[in-house]
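Trainee: Before we look at the model together, I would like to learn how to read its pockets, its nonpolar cores and its aromatic pairs.

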Amino acid sequence: MVNAEHNADMAIVTQYLPGIVCWGDSMTVGYGGDGVTYPKVLQSLIQENLLDSYDLKSQFNSKHAHLINPVDYEISIPVINMGVGGENTLTILGRNGAVPFVISSPLTIPADETPVEIHFTSEGGQPVAPLIQGDRGLNPVIIGGVEGTLSISQESINSVDHSYHFTRSSVGEPKTIPVGTEIITSASTQYLDYITVIFIGLNGGYSNYDELIRHQRAIIGHQTANSDRFIIVGLSNGTKESRCALEAVLEAEYGKKYINLREYMSTRAMEDAGLEPSEEDLSLMKQGSTPASLTSVGSHYNSVGYELLGRLLFSTMNELGYFDEVRDALTHNFD
């Protein structure tokens, strides 16, 4: 009976909450947070509030409890961090696969594993720049049916000049790749049934608000399941005045699935963190900006800021009912 219940529970988890994938830039990486990231915080809260109570042994009558090994029935719901610092929306979408990178000049892949220089753009011809600060979700790639690795040559992450190379994974026949061929990234076929958190746009990549929404919608539309379960995180920097037009558009587009992060950080965040605002904090909050006590370098958060964001995401998902089916499935009484 316990095995049957466990299998049924896992089917519910697989259907409704197989995992959460967070797409973004350095704010998703957790730059400035001393190891604290909002995906990590979100995963901890899911464990504490949904999974730790899933103890079939304690819920089984004492007469047969000794037959149950809790280790056999442990579950995990992963939260995947797909953040890479410095990337704009188009580069993130290329890693994701929703708007793929495409070959922009003729390419011949040699028969052996010699690196070959490669040129590519976004699908619409716009410039993209992956790998400058990381490769999450990128490698291995497949180009024209050939698997291999993309690499970058650069003096530093701040260097304007850089070049890319492709190295095939194993020896084979040489292959000529025509312009327009898609680069199939690793992540383009992964996490497609996960709930998505989309926190993009701080580094540009779009020319207007409608284009930003198209980029967000592209990631949502790339999902093959749970595409109705997502969270859009709004831009965290700026003031109330500078962001009001964008925030109105995003709220109208996504409703309760949109988090106005700037507004939260400039209003309720300090109280939620149990912190007393400084004079500098109060001045920033008055103009609708994130208080300095929650930031580190530039507009990046410190550990407290990322902790608050992770908690905000969990509470928002909870309010939207994203955990309901799983919570119900993991609650049993076998007595």
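Mentor: Let us begin with a convention for residue classes: Ala, Val, Leu, Ile, Met, Phe, Trp, Tyr, Cys and Pro count as nonpolar, Asp, Glu, Lys and Arg as charged, and the others, Gly among them, as polar. Please also keep in mind that this is a predicted model.

Trainee: With those classes, how many nonpolar, polar and charged residues does the lining of the largest pocket have?

Mentor: The lining has 5 nonpolar, 4 polar and 5 charged residues, and the pocket that they surround has a volume of about 330 Å³. Of its 14 lining residues, Lys256, Tyr258, Ile259, Asn260 and Thr316 lie nearest the centre.

Trainee: Which element gives the most to that lining?

Mentor: Helix H11 does, with 4 residues, while strand S14 (258–259) and helix H8 are also among the elements that each supply at least two.

Trainee: And how does the second largest pocket read by class?

Mentor: Its lining has 6 nonpolar, 10 polar and 3 charged residues, around a space of about 250 Å³. The residues nearest its centre are Ser26, Gly85, Gly86, Gln133 and His300, and helix H2 (residues 26–29) gives the most to the lining, with 3 residues.

Trainee: Turning to the interior, what is the general idea behind a nonpolar core?

Mentor: In soluble globular proteins, nonpolar side chains tend to be buried together. Here the largest core has 40 residues, and Ile20, Ile46, Val197, Leu261, Met265, Leu313 and Met317 are those with the most contacts inside it. Among the elements that give two or more residues to this core are strand S1 (20–24), helix H3 (38–51) and helix H11 (303–319). A second, separate core of 24 residues includes Met82, Tyr194, Ile213 and Ile220.

Trainee: Which residues is isoleucine 20 in contact with, leaving aside its neighbours within four places in sequence?

Mentor: They include Leu42, Ile46, Val79, Ile195, Val197 and Met317.

Trainee: How is a pair of aromatic rings described?

Mentor: One gives the distance of the centres and the angle of the planes. The whole structure holds 7 aromatic pairs, and in one of them phenylalanine 101 and phenylalanine 120 are tilted, at 5.5 Å centre to centre and 45° between the planes. Because phenylalanine 101 lies in strand S3 and phenylalanine 120 in strand S6, this pair ties together parts that are 19 residues apart in sequence.

Trainee: Are these two rings buried or exposed?

Mentor: Phenylalanine 101 is buried, at 0% relative accessible area, and phenylalanine 120 also counts as buried, at 9%, since the cut-off is under 20%. Ring pairs further link Phe101 and Phe120 with Tyr164 into a cluster.

Notes
Residues numbered from 1 in each chain as written. Predicted model: local features only at pLDDT ≥ 70, side-chain atom pairs only at ≥ 80, totals over all residues. Heavy atoms only, no water. Core = buried A, V, L, I, M, F, W, Y, C linked by side-chain atoms within 4.5 Å. Buried < 20%, exposed > 50% of the residue type's maximum accessible area, 1.4 Å probe, protein only. Contact = heavy atoms within 4.5 Å. Phe/Tyr/Trp six-rings, centres within 6.5 Å; stacked < 30°, edge-to-face > 60°. 1 Å grid on protein atoms, 1.4 Å probe; cavity = no way out; pocket = protein on both sides within 12 Å on 5 of 7 lines; lining within 4 Å. Points joined across faces, edges and corners; volume = space filled by probe spheres on them.
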